Amino acid sequence: MLLLALDTATPAVTVALHDGARTVAASSQVDARRHGELLLPAVDRVLAEAGVRLDAVTGIVVGTGPGPYTGLRVGLMTADTFGLALGVPVYGVCTLDGLAYAAEVEGPFVVATDARRKEVYWARYDDRLTRVSGPAVDRPAEVAQDVPTFGAGALLYPDAFDVVPGPEHVSAASLAALAAERLAAGVELDEPRPLYLRRPDAQVPKNYKVVTPK
């Protein structure tokens, strides 16, 4: 097994290679406006560090969000393209699940990422492998989860959450490790389909004037 994992659902552009037992190589850069520019060079760096060619990959793991429309689709389209070109399966993993997998929190906790518009994407977990509610998008005050919370969303709204130390953004290494664990246990992974949770910001103007030739 050699999984290539990537995620662009948060400001982090993150890529990793996992051999089923450990992370072989990984790269993460935080830049919310350059997902498309940074992703493929990151893949090249990770492959070079691992000393393998792209055609050695046996599966693609991609974070499915939730996340902003533009950033999220960069990772998903890249994963689909790699899957088609290599003839290997593409597995989807909820980005929040990847964050939860990296948790060092005992008992129930919440993961929250920035959804902009003064909202957060969030999900609640009984432990690092068990999601019990979400993913959802809400204003911080509406989440009302009286449990430890970490992630970029929690850091943005410390008055609304019981903030504890934890990763701010997801890492592809966590996504890959979680996917490898689920595959080894015979758990069926998600389809690589985006969790947008709300409509994109760009909308067709209402009552726009149609210009037709005379």
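How many bridges join strand β1 to strand β4, and in which direction do the two strands run relative to each other? Select residues 3-7 for β1 and residues 59-63 for β4 in this predicted model, and you will find that four bridges join the pair, with the two strands running parallel. To see one place where they meet, pick out Leu-3, which stands opposite Gly-59 in β4.

**The sheet and the helix across it**

Now widen the selection to the open sheet of five strands, whose order is β3-β2-β1-β4-β5 and whose pairing is mixed. At its edges are β3, residues 23-30, and β5, residues 90-93, each of which pairs on one side only. If you look along the strands, neighbouring ones are turned by 15° against each other on average, with direction ignored. Next, add residues 172-184, which form helix α6; this helix lies across β1, β2, β3, β4 and β5, and runs at about 130° to β1.

**Two cis peptide bonds**

From the end of β4, move to Pro-66, which is found in the loop between β4 and α2, the latter covering residues 69-86. The peptide bond that leads from Gly-65 into Pro-66 is cis, with omega near 10°. For another cis bond, go to Gly-134 and Pro-135, where omega is near 5°; here the proline lies within a strand, namely β8, residues 130-138.

**The loop between β6 and β7**

Select Arg-117 and Lys-118 together, since Arg-117 sits in the loop between β6 (109-116) and β7 (119-127), and Lys-118 is found in that loop as well. Arg-117 has a positive phi of about 50° although it is not a glycine, and Lys-118, also not a glycine, has a positive phi of about 60°. Are these residues buried, partly exposed or exposed? Arg-117, with a relative accessible area of 44%, is partly exposed, whereas Lys-118 counts as exposed at 60% relative accessibility, because the cut-off for exposed is over 50%.

**The largest nonpolar core**

Turn now to the interior, and show Val-61, Val-93, Leu-96, Phe-109, Val-111, Tyr-125 and Phe-150, which touch the most other members of the largest nonpolar core, a group of 26 residues. The elements that give two or more residues to this core are β1, α3, β6, β7 and α6, and the largest share, seven residues, comes from α6, the helix that you have already seen lying across the sheet. Colouring by domain helps here: domain 1 (3-95 + 169-185) and domain 2 (97-156) both give residues to this core, so the core lies between them. Apart from this core lies another, of 23 residues, among them Ala-25, Leu-38, Val-62 and Ala-79.

**Tyr-125 and Asp-97**

Finally, centre the view on Tyr-125 and, leaving aside its neighbours within four places in sequence, look for its contacts, which include Leu-96, Asp-97, Ala-100, Phe-109, Val-111 and Arg-131. From there, step across to Asp-97, which has its place in helix α3, residues 95-101. Is Asp-97 buried or exposed? Its relative accessible area is 4%, and Asp-97 is therefore buried, the cut-off being under 20%. Not counting residues up to four places away in sequence, Asp-97 touches Tyr-125, Arg-131, Leu-178 and Arg-182, and the last two of these can be shown together with helix α6, whose residues are 172-184.

Definitions and conventions: Residues numbered from 1 in each chain as written. Predicted model: local features only at pLDDT ≥ 70, side-chain atom pairs only at ≥ 80, totals over all residues. Heavy atoms only, no water. Buried < 20%, exposed > 50% of the residue type's maximum accessible area, 1.4 Å probe, protein only. Contact = heavy atoms within 4.5 Å. Pairing = 2+ DSSP bridges. Axes fitted to C-alpha atoms, helices over the stretch in contact; angles between N-to-C directions. Core = buried A, V, L, I, M, F, W, Y, C linked by side-chain atoms within 4.5 Å. Domains from an automatic or database assignment.
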